[in-house]
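Trainee: I would like to go through this model one element at a time. Where should we begin?

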Amino acid sequence: MNENDYVTSAVGVRLPRILYGTAWKEERTAGLVEQAVTLGFRGIDTACQPKHYNEAGVGEGLARCFAKGLRREDVYLQSKFTPLQGQDPERVPYDPKARLADQVAQSFETSLRNLRTDHLDGLVLHSPLADEASLMEVWGALEAVCKSGGARQIGISNCYALETLTRLYDLAEVKPALIQNRFYADTGYDREIRRFCRQKGLIYQSFWTLTANPKVLAGETLQNLANKYARSAAQVFYRYLTLTDIIPLSGTTRAQHMQDDLAIFDFELTPAECASVGRLLDREPAAAS
């Protein structure tokens, strides 16, 4: 990846404009992470959540790459603390009876062991908690990790209520540097949240970006742009996102698709073309609540 393929967060952390997502890879995780990094991915997203992630497999895959000469500082490595309600009760990676702050600390230490590193570049709260007091207790523990140098920046995921994000931002001592959400019509593509991110300098990361948007990908706008640039609709969509300050996660398991995803930086869309895709998303109706 070239220098223009990176962005720097409000707290000075440099991360690629596309990340490799490692959910649902199970026993294939190590090999897929090694393949993704070998092909050129320099950002990895995972979670300390055995239910959906093989975090130790991510560590194994990265270790293989480091053994071949890759430097730790060349990889943006991001993991998550997953609250108890998001864990498999049989495989909780911390003491479920511990107080929330201790759960965060234990989960973080597990992540460091799994990933074979002494720090994370990003530590993300996997989802908001049910009440504000619990949310701020967990956030305070994430702040402690950040202040100690264990994580270079912290953020939140699966946060779709603007009032929750703004309240967290106002109360936090260490402000969230990023938010990672599912990017789809049901939430109106987080238009208000993304506006808040632009105002406050938060990084917005998108997941489920292709799977949740088959109509957008099959529509005339993206198909015409794909034909014009001799690219796939997925490449055009990813390129649009990166040009509008959104960092997509790619979770592909196919080498050709990994190469295609990294090749999005080899072409440009004009401002008018970006606007046409943006209008398409504005027209996509949100699901009824």
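Mentor: This is a predicted model. Start just after helix α9, where one residue has a positive phi.

Trainee: Which residue just after α9 takes a positive phi, and of about what value?

Mentor: The helix α9 covers residues 233-243. Just after α9 comes the residue in question, Asp 245, with a phi of about 65°.

Trainee: How many of the residues of α9 are buried?

Mentor: Buried here means under 20% relative accessible area. The residues of α9 that meet this include Phe 237, Arg 239 and Tyr 240. The helix is mostly covered, and of its eleven residues the number buried is ten.

Trainee: Which elements do the buried residues of α9 pack against?

Mentor: Two of the partners are strands, β9 (203-207) and β10 (246-250). The buried residues of α9 also pack against helices: α7 (214-218), α8 (220-229), α10 (255-262) and α11.

Trainee: Is α9 roughly parallel or roughly perpendicular to α11?

Mentor: Two packed helices are described by the angle between their axes and the distance between the axes. For α9 and α11 (residues 271-283) the axes are 10 Å apart and the angle is about 100°. Angles of 65 to 115 degrees count as roughly perpendicular, so α9 and α11 are roughly perpendicular.

Trainee: How do the residues of the contact of α9 with α11 divide into nonpolar, polar and charged?

Mentor: From α9 come Phe 237, Tyr 240 and Leu 243, and these meet Cys 274, Val 277, Gly 278 and Leu 281 in α11. Gly counts as polar. The division is six nonpolar, one polar and no charged.

Trainee: Which residues have the most contacts inside the largest nonpolar core?

Mentor: In soluble globular proteins, nonpolar side chains tend to be buried together. The largest core here has 73 residues, and those with the most contacts inside it are Ile 44, Leu 222 and Phe 237.

Trainee: Which helix gives the largest share of this core?

Mentor: The share amounts to seven residues. They come from the helix of residues 132-147, α4.

Trainee: Is Lys 51 buried, partly exposed or exposed?

Mentor: Lys 51 lies in the loop between β4 (43-45) and α2 (55-67). Leaving aside neighbours within four places in sequence, Lys 51 touches Gly 86, Gln 87, Asp 88 and Arg 91. Its relative accessibility is 39%. Buried is under 20% and exposed over 50%, so Lys 51 counts as partly exposed.

Notes. Residues are numbered from 1 along each chain as its sequence is written. This is a predicted model: local features need pLDDT of at least 70, side-chain atom pairs count only at pLDDT 80 or more; totals for chains, interfaces and linings use all residues. Side-chain values use heavy atoms; hydrogens and water are left out. Axes are lines fitted to C-alpha atoms, for helices over the stretch in contact, and angles run from 0 to 180 degrees between N-to-C directions. Helices (H or I, at least four residues) and strands (E, at least two) are DSSP runs, numbered from the N terminus. Angles under 35 degrees count as roughly parallel, over 145 as roughly antiparallel, 65 to 115 as roughly perpendicular and the rest as oblique. Contact means heavy atoms within 4.5 Å. A nonpolar core is a set of buried Ala, Val, Leu, Ile, Met, Phe, Trp, Tyr and Cys residues joined through side-chain atoms within 4.5 Å. Buried means under 20% relative accessible area, exposed over 50%, partly exposed in between (1.4 Å probe, protein chains only).
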